[in-house]
Amino acid sequence: MTTLLFGHQSSEEHDMGPGHPECPDRIRVVQQALEADRFDSLENREAPRATVDQIARVHDRDYVTKLFDAVPDEGRVQIDPDTAMCPESGEAALRASGAIVAAIDAIAAGETNSAFCAVRPPGHHAEPSRGMGFCLFNNVAIGVEHARKAHNMERVAVVDFDVHHGNGTQAAFWSEPNVLFASSHQYPFYPGTGAEDETFVGNVFNVPLADGAGSVLFRRGMERVVLPALEEFDPDLIVVSAGFDGHARDPLANIRLEERDFEWITGKLVDIAGEFCDGQIVSSLEGGYDLDSLSSSVTAHLSALMRAG
C-alpha cells in the first residue's frame, strides 16, 4: 500500500516570532525534502480541521475555548514563555490535529497502513489543560483517542523519540493501561519529567539518556526497554512522535544521534507493526531545529516508514 503524507499550508503560516527555533522554515525544508524522486510514490493529502469534539477527547473544553479566544487578530500573544500564537495559529493547530485524525481514518478504512503528518505546531508537550513547549494541542494523543473511540482500536502504542520528554502524552494516558507510552529523551532536561521510575499503571516506559549519550546508548535503551515492551503489549496501532532534535547538530539538546539512528528505530517500529498490527503505523512531526539535519532525518525516517507498505 502507498504511504500517505498529510499536510496543510497553515503549517507555514503559524509564526511565533523572529528567531524562534520552532519556525515556518522547519516545515518548508521538510516539504522540500519530500519532493525527492524517492518519495514519488507518496500520496499527498490535505489535512482537514480536527473538530472540537475530537480535541476534547484529550483536552479540557475550557482550555480549548480559552485558547481559541486568545488567538490574536494581529500581532502575537504568549501562552507560556516559549509558546506564542499569531492570527494563523488557530488554523494551524486545528489542521495539525486533523492530520493525524485523517491518517487514522485512512488506516481504519484500509486505504493505507502507514502515514506521516508533516505539520506544525508540534504537540507532545501539550497537557490536557494547558499548552507549553511550542505545543498547543497534543496531536498524537488526539490521534490515539480517535483510534480508540472512533475505530475501536483497543490497544494503541505511542513511541516518542523526540529529545524532550513527551510530558503531555504521558499526562494524557498515565492511568490508561490500554495505551502504552514509551519515550527516549535527554534527562535531566526540559520539561523535567521522564524519569525511569515514572511507570504509572505499568503502561509507561521511559528511557532517560544522559547529555552526550550517543547512538549506542540510544539503541541499547530501545532494544532493552521499548521494543520488548511493544511486543508484549501487542498493539492494534503504533503512533510515533517523530522528533529529530536528538540529532548531533541540533542546537537545543545534546544526545548526539545521526540520521541512521532515526532510520534504524523507524525500521524496528515498522517491523513490530508488521508482526502485531497488520503494519498499521502513523507518525507525526514533533521537534527538530537544525534545518539541514531535520531535512536529512525526515528523509531517513520516511524511507523506513514507507517499508510498512
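The chat below goes through parts of a predicted model.

Me: Ground rules before we start?
Reply: This is a predicted model, where local features need pLDDT of at least 70 and side-chain atom pairs count only at pLDDT 80 or more, while totals for chains, interfaces and linings use all residues. Residues are numbered from 1 along each chain as its sequence is written, and side-chain values use heavy atoms, with hydrogens and water left out.

Me: How is the open sheet ordered?
Reply: Its eight strands run S2-S1-S5-S10-S9-S6-S7-S8, with parallel pairing. Strands here are DSSP runs of E, at least two residues, and helices are runs of H or I, at least four, both numbered from the N terminus. Two strands pair if DSSP finds at least two bridges between them.

Me: Which strands stand at the edges?
Reply: Strand S2 (43-46) and S8 do; each has a single partner strand, so one side of each lacks a neighbour in the sheet. From one strand to the next, the twist averages 15 degrees.

Me: Which helix touches S1 and S2?
Reply: Helix H5 (residues 89-108), which packs on the sheet and also touches S5, S9 and S10. Its direction makes about 170 degrees with that of S10. Axes are lines fitted to C-alpha atoms, for helices over the stretch in contact, and angles run from 0 to 180 degrees between N-to-C directions. Contact means heavy atoms within 4.5 Å.

Me: Switching to Asn 206. Where does it lie?
Reply: Asn 206 is in strand S8 (residues 204-209).

Me: Buried or exposed?
Reply: Asn 206 counts as buried, at 4% relative accessibility. The cut-offs are under 20% relative accessible area for buried, over 50% for exposed and partly exposed in between, with a 1.4 Å probe and protein chains only.

Me: What does its side chain make polar contacts with?
Reply: The side chains of His 165, at 3.0 Å, and Gln 170, at 3.1 Å. A polar contact is a pair of N or O atoms within 3.5 Å; within protein, one must be able to donate a hydrogen and the other to accept it, and residues adjacent in sequence count only if both atoms are side-chain atoms.

Me: How many aromatic pairs are there?
Reply: Eight in the whole structure. For Phe 218 and Trp 264, the ring centres are 6.4 Å apart and the planes at 70 degrees, so that pair is edge-to-face. Rings of Phe, Tyr and Trp (its six-membered ring) pair if their centres lie within 6.5 Å; planes under 30 degrees apart count as stacked, over 60 as edge-to-face and the rest as tilted.

Me: Where are Phe 218 and Trp 264 in the chain?
Reply: Phe 218 is in helix H8 (residues 214-233) and Trp 264 in helix H9 (residues 259-276), 46 residues apart.
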